[in-house]
Amino acid sequence: MFEERAFEDADFHVRRLYADGRLLAPNFPVQGREWYLNGNTGAATHNGRSFSNSKLTMADVFDELSSGDRVFFVGNIREQLTTPVGVFDVTVIGCGNRPRHADAHTGNNGYSGATWKAPASPTATTALCRVIQQGWSFRNILWAAHTDYGALEFVRNAAASDDERDASHGHVAQCRFAAGKYHIMLGATSFTENLFNLRAEDNDFEDATTMSWFQGGGGAYRCKLFGNRFTSNVSHVDVGFTQSVIQGNIMGLFTTKSLDLTGGADNIVTGNYFSGDYSTASGA
């Protein structure tokens, strides 16, 4: 497993890249800035450059993001947002020890969990976060979508240059998806182009009322699903992946479908653990 570790240098932030604990690349500089958010105790008037001066909403942070920035948050995010136009390679990190609900206790900094959940009155057919540019990464977050739509939505249109909206090369790791109609949606109405190279690893996908992974428009090419756990979803994955790798996942209790790759081709499905029957497209 690859791991990035951040260190403070006298002049700039640096990262070191490890693989299974072995140092691969020492002290390479990090592009972008750090932003801090507390969804329970932050304030819109804060500058967001430290937890003691944290922003209150993810929208406050999105308004100021540039490519390469990192967002660290705790508390409850109750928003439905679209990522900023023309902003790439942003990492959003929940700072609790584990992805859990951030409302277990109100004293002693008890909002230390990191949850992105639906507002009290959510907008129908709108994800908690629609990703529209490349290279966004989400880590260690509990996602709790509403009953009408999904948590994360990756989309791509047919436009070019600055008008292109393309969420390829996204990354979701160490998150927990709890409830919601869908967990991760690939494509949507008016976003029907093929997404490429999405990667999801070491996540828990639980209790989706319709489907954990759903293909709403376009295709999904050369994606990687590694070491995830699917439990008690009506259906786990129903996506026409092509030239993708689905490896080491635990496909637990389901009602309708576990893994259905109909419409895809040339996939590698290996080393997974399945509960009950499942179906795949020919050539998978």
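Student: Quick one to start: is C175 buried or exposed?
Tutor: C175 is buried, with a relative accessible area of 1%. Keep in mind that this is a predicted model.

Student: Where does C175 sit along the chain?
Tutor: C175 is in the loop that links β13 (171-173) to β14 (176-178).

Student: And which residues does C175 touch, leaving out those up to four places away in sequence?
Tutor: On one side of the numbering there are P99, F138, R139, N140, I141 and W143, and then D202, N203 and D204. Take D204: its C-alpha is 6.4 Å from that of C175, though 29 residues separate the two in sequence.

Student: How many disulfides turn up in the whole structure?
Tutor: Zero, after a search of the whole structure. A disulfide would be a covalent bond joining the sulfur atoms of two cysteines.

Student: What about C129, buried or exposed?
Tutor: Buried, and its relative accessible area is 0%.

Student: Back to that C175 loop. What's going on with the phi of Q174?
Tutor: Phi of Q174 is near 55 degrees, which is a positive value in a residue other than glycine. Q174 belongs to the loop between β13 and β14, and its relative accessible area of 27% makes it partly exposed.

Student: Why does Q174 count as partly exposed and not buried?
Tutor: Because buried means under 20% relative accessible area, and Q174 has 27%.

Student: What is the phi of A179 like?
Tutor: A179 also has a positive phi, near 65 degrees, and is a residue other than glycine. You'll find A179 in the loop between β14 and β15 (182-186). At 35% relative accessibility, A179 is partly exposed.

Student: Switching topic: where is N272?
Tutor: N272 is in the loop running from β28 (268-270) to β29 (273-274). Its relative accessibility is 14%, so N272 counts as buried.

Student: Which backbone nitrogens lie within reach of a polar atom of the N272 side chain?
Tutor: There are two to look at. The backbone nitrogen of N249 is 2.8 Å from a polar atom of that side chain, and the backbone nitrogen of G248 is 3.2 Å from one.

Student: What else does N272 touch, ignoring residues up to four places away in sequence?
Tutor: I246 and Q247 are on the list, along with the G248 and N249 we just mentioned.

Student: OK, big picture. How many helices and strands does the chain have?
Tutor: One helix and 29 strands. The chain has 284 residues, and 48% of them count as buried.

Student: How much of the contact set is long-range, say 24 or more positions apart?
Tutor: Among contacts with a separation of 6 or more, 55% are between residues 24 or more positions apart.

Student: And the surface, how much of it belongs to carbon and sulfur atoms?
Tutor: 48% of it, out of an accessible surface of about 12,700 Å².

Student: Which residues have the most contacts inside the largest nonpolar core?
Tutor: W143, W213 and F241, in a core of 49 residues. Elements that each supply at least two residues of this core include α1 (58-62), β5 (70-78) and β15.

Student: What does W213 contact, beyond its neighbours within four places in sequence?
Tutor: Its partners include I184, L186, F205, L225, F230 and F241, and also H236 and D238.

Student: Which residues are in the second core?
Tutor: Y149, Y182, M185 and F191 are among its nine residues, and this core is separate.

Technical notes: Residues are numbered from 1 along each chain as its sequence is written. This is a predicted model: local features need pLDDT of at least 70, side-chain atom pairs count only at pLDDT 80 or more; totals for chains, interfaces and linings use all residues. Side-chain values use heavy atoms; hydrogens and water are left out. Helices (H or I, at least four residues) and strands (E, at least two) are DSSP runs, numbered from the N terminus. Buried means under 20% relative accessible area, exposed over 50%, partly exposed in between (1.4 Å probe, protein chains only). A polar contact is a pair of N or O atoms within 3.5 Å; within protein, one must be able to donate a hydrogen and the other to accept it, and residues adjacent in sequence count only if both atoms are side-chain atoms. Contact means heavy atoms within 4.5 Å. A disulfide is a pair of cysteine sulfur atoms within 2.5 Å. Accessible areas come from the Shrake-Rupley method with a 1.4 Å probe; for residues, only the protein chains shown count as cover. A nonpolar core is a set of buried Ala, Val, Leu, Ile, Met, Phe, Trp, Tyr and Cys residues joined through side-chain atoms within 4.5 Å.
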